[in-house]
Amino acid sequence: MRKVHPEFAYQSRELAAQIEGILGDPPDRKNYQKMLDALVEEYASGGGIEDLNMMAFALVDVIEFHDPKAILADAGDFEYGDPARVFGAASCPDGKPAQMLAALEENHPDLGRQAIIAAFLHKHPRLWDDDDVSLDQLAEGDEGDDEEDDNMVSDDFAQMFDQEGEQNG
């Protein structure tokens, strides 16, 4: 299991929620496909919304990954990575999907890199691990030694109100 940057873990979860929300309950595959086709068309033409989630959504069903290790290696840093390496580790089928990927690399290399990684993490959840930042995990190993007795008053606090101490000091 490879640790990924917490923002990539978050974006992967957001992508899953977005897909679920667009599919609806019961799933409406026709509506889902229309949304996907519209996004692919928009990005393939060089336009589209500069949004990581929308890009990842447009990519997730059409992208193929040839070098998972390169993508996972780049998933450790959200802000700074190697767009060329990530784009080189993935491809899309000929036609509009391939045009979309090329346009993302040309027009939005950094955001496209992040979208590819988010799509990869969504499609391959068993290859990576998220840092556990739950309260239980954060409290693990805490013996409570930083808690002061509620009845004790620190010397600094007591001296704030000690007017005689000011005169003597």
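Why is helix α3 (residues 52-60) largely enclosed by the rest of the structure? Nine of its nine residues are buried, where buried means under 20% relative accessible area with a 1.4 Å probe, counting protein chains only. The tour below leads to this helix and then beyond it.

**Before starting.** This is a predicted model, in which local features need pLDDT of at least 70 and side-chain atom pairs count only at pLDDT 80 or more, while totals for chains, interfaces and linings use all residues. Residues are numbered from 1 along each chain as its sequence is written, and side-chain values use heavy atoms, with hydrogens and water left out.

**The whole protein.** Display the full chain as a cartoon. The protein has ten helices and four strands; these are DSSP runs numbered from the N terminus, with helices being H or I of at least four residues and strands E of at least two. From the N terminus, the order of elements is β-α-α-α-β-α-α-β-α-α-β-α-α-α. Of the 169 residues, 34% count as buried. Contact means heavy atoms within 4.5 Å; among contacts between residues at least 6 apart in sequence, 78% join residues at least 24 apart.

**Helix α3.** Select residues 52-60. The buried residues here are L52, N53, M54, M55, A56, F57, A58, L59 and V60. Add α1 (6-23), α2 (29-44), α6 (96-107) and α7 (109-123), against which the buried residues of α3 pack. At the N-terminal end of α3, D51 acts as a cap: one of its side-chain oxygens lies 3.1 Å from the backbone nitrogen of N53. Such a polar contact is a pair of N or O atoms within 3.5 Å; within protein, one must be able to donate a hydrogen and the other to accept it, and residues adjacent in sequence count only if both atoms are side-chain atoms.

**L52.** Next, centre on L52, whose relative accessible area is 8%. Leaving aside neighbours within four places in sequence, L52 is in contact with Q11, F78, L111, Q114, A115 and A118. From L52 to A119, the C-alpha to C-alpha distance is 9.9 Å, although 67 residues separate them in sequence.

**The loop between α1 and α2.** Move to P26, which lies in this loop. The peptide bond joining D25 and P26 is cis, with omega about 5°. Most peptide bonds are trans.

**D74.** Finish in helix α4 (residues 68-74), at D74. Is this residue buried or exposed? D74 counts as buried, at 5% relative accessibility. A polar atom of the D74 side chain lies 3.2 Å from the backbone nitrogen of D82. Beyond neighbours within four places in sequence, the contacts of D74 include F8, R85, R113 and I117.

Methods
Buried < 20%, exposed > 50% of the residue type's maximum accessible area, 1.4 Å probe, protein only.
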